[in-house]
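Me: Could you take one position in this model, look at it closely, and then follow the chain outward from there? Please give the cut-off behind each term when it comes up.

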Amino acid sequence: MYRKSIIVALILVYLVIIAGAVVRMTGSGMGCPDWPKCFGYIIPPTEQSQLDWHANQSYKKGQVIIFEESLRIAKEDFNTSNAFEAKNWNGYDKHDYAVFNPWHTWIEYVNRLFGALAGLAFLVMLGAALFKERNKKRITLSIIAVLLIGFQGWIGATVVYSVLSPVRITIHMVIALVIVALLIYMLYEATEHSSKFKYDASFKTGMLVALALTLVQIILGTQVRQHVDDTIDNVGYAAKSLWLERPELTFYIHRSFSVIVFLLNAWLFQRNRKKGLGHSSFNWVVLLICLEILTGVLMYYLDFPFLSQPLHLVIASVLFGIQYYILLTAFKEKTVHNTTTLV
């Protein structure tokens, strides 16, 4: 049960990453301007009329409306008269964003729903560690995972409160990758492994560098995406040809790094095959890097085809996970094959 709960948690975290990528692609980050509810609802509204002020209507404490382009929150249960009375409402003090778009709202809501399901999966995983495994290391790792997913939820709230601060969005993404790495380690630790691999110090060092470069690329990519978002605010969603017309330096660094990433991983692929190290998962690394480069080329030269943006991020996240798994095996084998000659 413990191992299965880790797999479920890992799948849900990746679903959150996918949903988050779609949120960013569609500009739905402020679809729910409050947290953890959405316009004060557990299940968000579908029509503007649900958020308009109405005369002679009952309102519940905490219910949210949009009035004069600002969010208002009912102080208590009451019935409205024929005129709006400010004394019955509190203003929203986290920010001044008050726009309702049903598509954006429900896209962001699905993102949060996956996050909530992931949180539940982490609690189940902790319960399995406590009552089934009763292993101190696995209990400790599960507690750390629960704390991290809780921290991630809080960071998500601050992203909304900051009206999508670029720095906080980047931190949000990095923490998601840290959680992925932790879950993969927990899954690896809970799984029996054969001794089919060979240890190679150069391969291990190369994998460390490759993983670090992938993380740097993801961080740089979020900065490039922020530039695109800022451009969209000025030129609109229809003018895709202008989104990267005047890219910042970050874009050129990101693009140049992709060449280094490709060459390093190509060398690791060849070394793995030449030395017979047994890392068959590296075939996926090569495929994902090729797909990553392809989606990047499509975005730049073909003006952001549909789904190219979220695919670019999701592929990078999956690549990070597979590289981290290979790195774990590259370290582990040193104890299994401690007599292997290092080249």
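Reply: Pro102 counts as partly exposed because its relative accessible area is 33%, a value between the limits for buried (under 20%) and exposed (over 50%), taken with a 1.4 Å probe on protein chains only. The model is predicted, so local features need pLDDT of at least 70 and side-chain atom pairs pLDDT 80 or more, whereas totals for chains, interfaces and linings use all residues. Residues are numbered from 1 along each chain as its sequence is written, and side-chain values use heavy atoms, without hydrogens or water.

Pro102 belongs to helix 2, residues 102-133; helices here are DSSP runs of H or I with at least four residues, strands are runs of E with at least two, and both are numbered from the N terminus. Between Pro102 and Phe84 there is a separation of 18 residues in sequence and of 25 Å in space, C-alpha to C-alpha.

Further along helix 2, the view turns to the interior. Phe122, together with Leu183 and Met186, has the most contacts inside the largest nonpolar core, which holds 63 residues; such a core is a set of buried Ala, Val, Leu, Ile, Met, Phe, Trp, Tyr and Cys residues joined through side-chain atoms within 4.5 Å. Two or more residues of this core come from each of several elements, including helix 1 (2-26), helix 2, helix 3 (136-161) and helix 5 (201-235), while helix 4 supplies the largest share, 14 residues. Leaving aside residues up to four places away in sequence, Phe122 touches (heavy atoms within 4.5 Å) Ala9, Val13, Ala145, Val146, Ile149, Ile179 and Leu183. Another core, of 11 residues, lies apart from the largest one and has Cys38, Leu51, Ile66 and Phe100 among its members.

Ser5 sits in helix 1 and is counted as buried because its relative accessibility is 7%. Its neighbours, again beyond four places in sequence, are Val124, Met125 and Ala128, and a polar atom of its side chain lies 2.6 Å from the backbone oxygen of Tyr2.

Cys38, already met in the smaller core, is joined to Cys32 by a disulfide with an S to S distance of 2.0 Å, and a search of the whole structure finds one such link, defined by two cysteine sulfur atoms within 2.5 Å. The link of Cys32 and Cys38 is left-handed, with -80 degrees about the S-S bond, and both cysteines are buried.

Ile66 leads to the strands. Strand 2 (residues 64-67) and strand 3 (residues 70-74) run antiparallel and are joined by four bridges, where pairing requires that DSSP find at least two bridges. They form a hairpin with two residues between them, and Glu68 in the turn has a positive phi of about 55 degrees. Arg72 of strand 3 is the bridge partner of Ile65, and Arg72 has Gly91 as its partner in strand 5; strand 3 and strand 5 (residues 89-91) run antiparallel, joined by three bridges.

Definitions and conventions: Polar contact = N/O pair within 3.5 Å; in protein donor to acceptor, adjacent residues only side chain to side chain.
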